[in-house]
Amino acid sequence: MVLPSSILGRAFSEWFGRGAKNKKIPNFILYNKDKEILKSFLDGYIDGDGHFDKKRGVYSCGTASKILVYRLHLL
């Protein structure tokens, strides 16, 4: 899906960070009380940047952002 919008682009940069080392989970997701929103975010993150290791039976993801790692751990 393509949604050309400079306003949305600026909002996403502010919410999620700009550049690989600056990626983050915004507070409105991190502190959300709705478990389905948290699960949907994690599912989307894994679909985009992760994979399932069949041999070990675990999901793993990689990132260059320390902030994102800390926030994923909190999530």
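## Overall layout

Of the contacts in the protein chain with a separation of 6 or more, 45% are between residues 24 or more positions apart. Keep in mind as you read that this is a predicted model. The protein chain has four helices and two strands, and following the sequence gives the pattern α-α-α-β-β-α.

Taken along the principal axes, the C-alpha atoms occupy a box of roughly 45 × 25 × 25 Å. The protein chain has 75 residues, and 19% of them are buried.

## Aromatic pairs in helix α1

Let's turn to the rings. How many aromatic pairs does the structure hold? There are four. In one of them, Phe-12 and Trp-15, the ring centres are 5.6 Å apart and the planes meet at 50°; that angle is neither under 30 degrees nor over 60, so the pair is tilted. Both residues belong to helix α1, which covers residues 6–16. Phe-12 and Trp-15 are three residues apart there, about one turn of the helix.

Are these two residues buried, exposed or partly exposed? Phe-12 has a relative accessible area of 42%, so Phe-12 is partly exposed. Trp-15 has a relative accessibility of 34% and also counts as partly exposed, because the class runs between the 20% limit for buried and the 50% limit for exposed.

Phe-12 has a further partner in Phe-16: the centres of their rings lie 5.4 Å apart with the planes at 40°, so this pair is tilted too. Phe-12 and Phe-16 are both in helix α1, with a spacing of four residues, about one turn of the helix. Stepping back from the individual pairs, Phe-12, Trp-15 and Phe-16 join Phe-28 in one aromatic cluster.

## Arg-18 in the loop

Where does Arg-18 sit? Its place is in the loop between α1 and α2, the latter being residues 27–30. Arg-18 has a relative accessibility of 64%, so Arg-18 counts as exposed. Once neighbours within four places in sequence are set aside, Arg-18 is in contact with Ser-13 and Lys-23.

## The largest pocket

The largest pocket holds about 260 Å³ of space. Its lining is made up of 14 residues, and those closest to the centre are Phe-16, Lys-23, Lys-24, Asp-49 and Leu-68. Two of these names have come up already: Phe-16 is part of the aromatic cluster, and Lys-23 is a contact of Arg-18.

Which elements give two or more residues to this lining? They are α1 and α3, the latter spanning 35–49. The most comes from α1, which gives four residues. Sorted by class, the lining has seven nonpolar, four polar and three charged residues.

## The β hairpin

Now for the strands. Strand β1 covers residues 50–53 and strand β2 covers residues 58–61. The two strands run antiparallel and are joined by four bridges. Across the pairing, His-51 stands opposite Ser-60 in β2.

The hairpin of β1 and β2 has four residues between the strands. In this hairpin, Gly-57 takes a positive phi near 70°.

Note on methods. Residues numbered from 1 in each chain as written. Predicted model: local features only at pLDDT ≥ 70, side-chain atom pairs only at ≥ 80, totals over all residues. Heavy atoms only, no water. Phe/Tyr/Trp six-rings, centres within 6.5 Å; stacked < 30°, edge-to-face > 60°. Buried < 20%, exposed > 50% of the residue type's maximum accessible area, 1.4 Å probe, protein only. Contact = heavy atoms within 4.5 Å. 1 Å grid on protein atoms, 1.4 Å probe; cavity = no way out; pocket = protein on both sides within 12 Å on 5 of 7 lines; lining within 4 Å. Points joined across faces, edges and corners; volume = space filled by probe spheres on them. Nonpolar A, V, L, I, M, F, W, Y, C, P; charged D, E, K, R; others polar. Pairing = 2+ DSSP bridges.
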